[in-house]
Amino acid sequence: MLTGIFLYLSFYNVNLLETIEVISNSSLLFIAIYLVFFVLSHIVRAVRWKVILSSSRPHASVTNLFAATIIGYGVNLVVPRLGEL
């Protein structure tokens with residue numbers, strides 16, 4: 001809910017059609033590079049969690065830890081600091 005309020009305030013006087021036009025003219029190469037680094041950075045975080053949890057949860061998979069990391073960031077968008085749980 002808090003995210004919705006801030007998004008509304010951020011985009012209150014923004015021309016939506018102009019924004020869509022600018023985004024559609026952006027380079028797909030740079031978007032692809034961004035996505036690669038985004039995924040890689042979160043995979044590194046998942047591997048870090050695997051190392052941290054190795055003594056208590058030796059069979060935790062990087063895939064599950066990656067999903068948990070992404071979900072945590074998503075929850076933080078809705079309610080700040082709740083994703084830390």
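**A tour along helix α3**

Begin by selecting L35, which at 45% relative accessibility counts as partly exposed, because partly exposed covers the range between the 20% limit for buried and the 50% limit for exposed. The model on your screen is a predicted one, and L35 sits in its helix α3.

Widen the selection next to residues 28-53, the whole of helix α3, whose 26 residues should span 38 Å at 1.5 Å a residue; the C-alpha atoms at its two ends are 37 Å apart, which agrees with that expectation. At the N-terminal end of α3 you can pick out S27, which caps the helix with a side-chain oxygen that lies 3.3 Å from the backbone nitrogen of L29.

Now return to L35 and show the side chains around its surface, since L35 belongs to a nonpolar surface patch of about 980 Å². Other members of this patch include L28, I31, Y34, V36, F38 and V39, and further ones to select are L40, I43, V47 and V51.

From the patch member F38, move on to H42, which is also found in helix α3. Is H42 buried or exposed? At 6% relative accessibility H42 counts as buried, because this value falls under the 20% limit. A polar atom of the H42 side chain lies 2.8 Å from the backbone oxygen of F38.

For the last stop, turn to the aromatic rings, where the count comes to 2 aromatic pairs. In the pair formed by Y8 and Y12, the ring centres are 5.7 Å apart and the planes stand at 65°, so the pair is edge-to-face. Both of these residues, Y8 and Y12, are exposed.

Definitions and conventions
Residues are numbered from 1 along each chain as its sequence is written. This is a predicted model: local features need pLDDT of at least 70, side-chain atom pairs count only at pLDDT 80 or more; totals for chains, interfaces and linings use all residues. Side-chain values use heavy atoms; hydrogens and water are left out. Helices (H or I, at least four residues) and strands (E, at least two) are DSSP runs, numbered from the N terminus. The expected span of a helix is 1.5 Å times one less than its number of residues. A polar contact is a pair of N or O atoms within 3.5 Å; within protein, one must be able to donate a hydrogen and the other to accept it, and residues adjacent in sequence count only if both atoms are side-chain atoms. Patches are made of residues with over 30% relative accessible area and no salt bridge: like charges are joined within 9 Å, nonpolar side chains (Val, Leu, Ile, Met, Phe, Trp, Tyr) within 5 Å. Accessible areas come from the Shrake-Rupley method with a 1.4 Å probe; for residues, only the protein chains shown count as cover. A salt bridge is a side-chain nitrogen of Lys or Arg within 4 Å of a carboxyl oxygen of Asp or Glu. Buried means under 20% relative accessible area, exposed over 50%, partly exposed in between (1.4 Å probe, protein chains only). Rings of Phe, Tyr and Trp (its six-membered ring) pair if their centres lie within 6.5 Å; planes under 30 degrees apart count as stacked, over 60 as edge-to-face and the rest as tilted.
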